[in-house]
Structures are given as structure tokens and as C-alpha cells.
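Biologist: Please take one part of this model and go through it closely. I would like the helix packing, and then whatever surrounds it.

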Amino acid sequence: MKYLVLLRGINVGGHNKVVMKELKASLAAADFTNVSSYINSGNLIFESDLSKAKVAQKVDLVLAENYIFSITTLVISAEEYLQEFSQVPAWWGVDGSLRHNALFLLPNFNVKAFQKIVQQISDYDQIELKSKVIFWTSTFKKDFSKSVYSKLMKEALYKDVTIRNLNTALKLLQLLQD
């Protein structure tokens, strides 16, 4: 089975530095196969015969053994990812002048925090919740400060998701299909 592991909050502004080459080697040493990564923001793909739950436990163990800071992870099977992206809203990713992001729901995702966000949505944002991801489009430059997305870092929901932009989300889709 092919899996995608998303790491939250690493290699941002020089904090929580994780060298992907070293992490890939650690995962390979833990018996994951065909380990690869995409860019430096914590996107890892590999294969394993283990269940998703066992993969998550093993990845968390590898991270705990190699890093002194905690790293929040999300394990998604290739099948789950492909299913989510087969249901992309028609408006997501269409207009290149807008900001398009996929917010992947972490295990501690709080529905009440999401509902609070939904109540704030205006003409500057479009969102759609799927089972594992929120597809979100907002303004990019013009009127960005009027979008709810621009204020997301201050919301409770922010700690419950790991975010990938349109290009990264689609590249991961391609890599999982290969």
C-alpha cells in the first residue's frame, strides 16, 4: 500500500528543521520502501504492508527518536487521497488570480472551530469540507485582508490542519498516481 505522510510546521522560518534526506533514510531503515519526498515542507511518500494505524505509530516513533521537538503528522493512504481529489469543487484551482489551498484535517480536527470559520465566510472566500480536506479559495492580493483565510493563523482551526497550496496538492496527487 502506498502512503502519504504530511508533517505540520517543519522547516518554517528556520524553526523545527528537518532534513528530508535524513528523514527518508530513517524511514527506509524502519522498513518503509520506495521512500521519497516532495519539497522541503514535509511531504513523504512510501510503501508499506502495514495498516494505516501501524504506519502512523511507526512514523511517530521514528520522528520521536530523531527530533527533540514534536511533529504533528497525518498519514493518508494513496487511495484516500485520490478519493478526496476526485471530488474537488468545480471552482477550486480554476482562477489563477486567486489563492487555492488544501487544508488537510489532522486527527484532532475540531468541527466547532470549522463551524465558526464557516459563519465568517464572505464573498472573498470559498470553502468546501470533504472527509479529509477542506478545499479553500481566497483572494490572492487584492482584498486579501478582507478574506477569512488571511486571518486563519489566529483561529483555533489553524492548529487542526496542515496546509498545502494548489501546486503542492496537485503534485502530490500526481506522485501518488504514479
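Modeller: Start with helix α1 (residues 20-29) and helix α2 (residues 52-66): their axes come within 10 Å and cross at roughly 125°. Axes here are lines fitted to C-alpha atoms, for helices over the stretch in contact, and angles run from 0 to 180 degrees between N-to-C directions. Helices (H or I, at least four residues) and strands (E, at least two) are DSSP runs, numbered from the N terminus. This is a predicted model, in which local features need pLDDT of at least 70 and side-chain atom pairs count only at pLDDT 80 or more, while totals for chains, interfaces and linings use all residues. Residues are numbered from 1 along each chain as its sequence is written, and side-chain values use heavy atoms, with hydrogens and water left out.

At that angle, α1 and α2 are oblique to each other. The class follows from fixed limits: under 35 degrees is roughly parallel, over 145 roughly antiparallel, 65 to 115 roughly perpendicular, and the rest oblique. The α1 and α2 crossing is right-handed. That term means the near helix is turned clockwise from the far one by less than a right angle; anticlockwise gives a left-handed crossing.

Now the residues. From α1 come L23, S26 and L27; from α2 come V59, V62, L63 and N66. Contact means heavy atoms within 4.5 Å. By class, this α1 and α2 contact holds five nonpolar residues, two polar and no charged ones. Ala, Val, Leu, Ile, Met, Phe, Trp, Tyr, Cys and Pro count as nonpolar, Asp, Glu, Lys and Arg as charged, and the others, Gly among them, as polar.

Next, the core. The largest nonpolar core has 20 residues. L7, L23, L27, F32, F46 and V59 have the most contacts inside it. L23, L27 and V59 also belong to the helix contact just described. Such a core is a set of buried Ala, Val, Leu, Ile, Met, Phe, Trp, Tyr and Cys residues joined through side-chain atoms within 4.5 Å. Buried means under 20% relative accessible area, exposed over 50%, and partly exposed in between (1.4 Å probe, protein chains only). At least two residues of this core come from each of β1 (2-8), α1, β3 (43-47) and α2. α2 gives the most, with four.

F46 shows the neighbourhood well. Leaving out residues up to four places away in sequence, F46 touches M1, K2, Y3, V5, L27, F32, T33, N34, V35, V55 and V59. Another core lies apart, with 19 residues, among them I76, A78, L106 and V133.

One of the partners of F46 is N34, in strand β2 (residues 33-37). N34 is not a glycine, yet its phi is positive, at about 50°. Its relative accessible area is 55%, so N34 is exposed. N16 has a positive phi too, about 50°, and is not a glycine either. N16 sits in the loop between β1 and α1. With 31% relative accessibility, N16 is partly exposed.

Back on α1, look at A28. A28 is partly exposed, at 40% relative accessible area. From A28 to Y158 is 130 residues in sequence and 31 Å in space, C-alpha to C-alpha.

Strand β4 (residues 72-77) holds T72, and T73 lies in β4 as well. T73 is buried, at 10% relative accessibility. Setting aside residues up to four places away in sequence, T73 touches V5, L6, L7, V59, D60, L63, L106 and P107. V59 and L63 are α2 residues from the helix contact. T72 is partly exposed, at 36%. With the same exclusion of residues up to four places away, T72 touches L6, L7, R8 and L106. The C-alpha atoms of T72 and V161 are 9.7 Å apart, with their positions 89 residues apart in the chain. For T73 and T162, the separations are 89 residues in sequence and 8.7 Å, C-alpha to C-alpha.

Last, the other helix pair. Helix α3 (residues 78-85) and helix α5 (residues 166-177) have axes that come within 10 Å and cross at roughly 130°. α3 and α5 are therefore oblique to each other. Their crossing is left-handed. A78, Y81, L82 and F85 in α3 meet A169, L172, L173, L176 and Q177 in α5. Eight residues of this contact are nonpolar, one is polar and none is charged. A78 is also among the residues of the 19-residue core.
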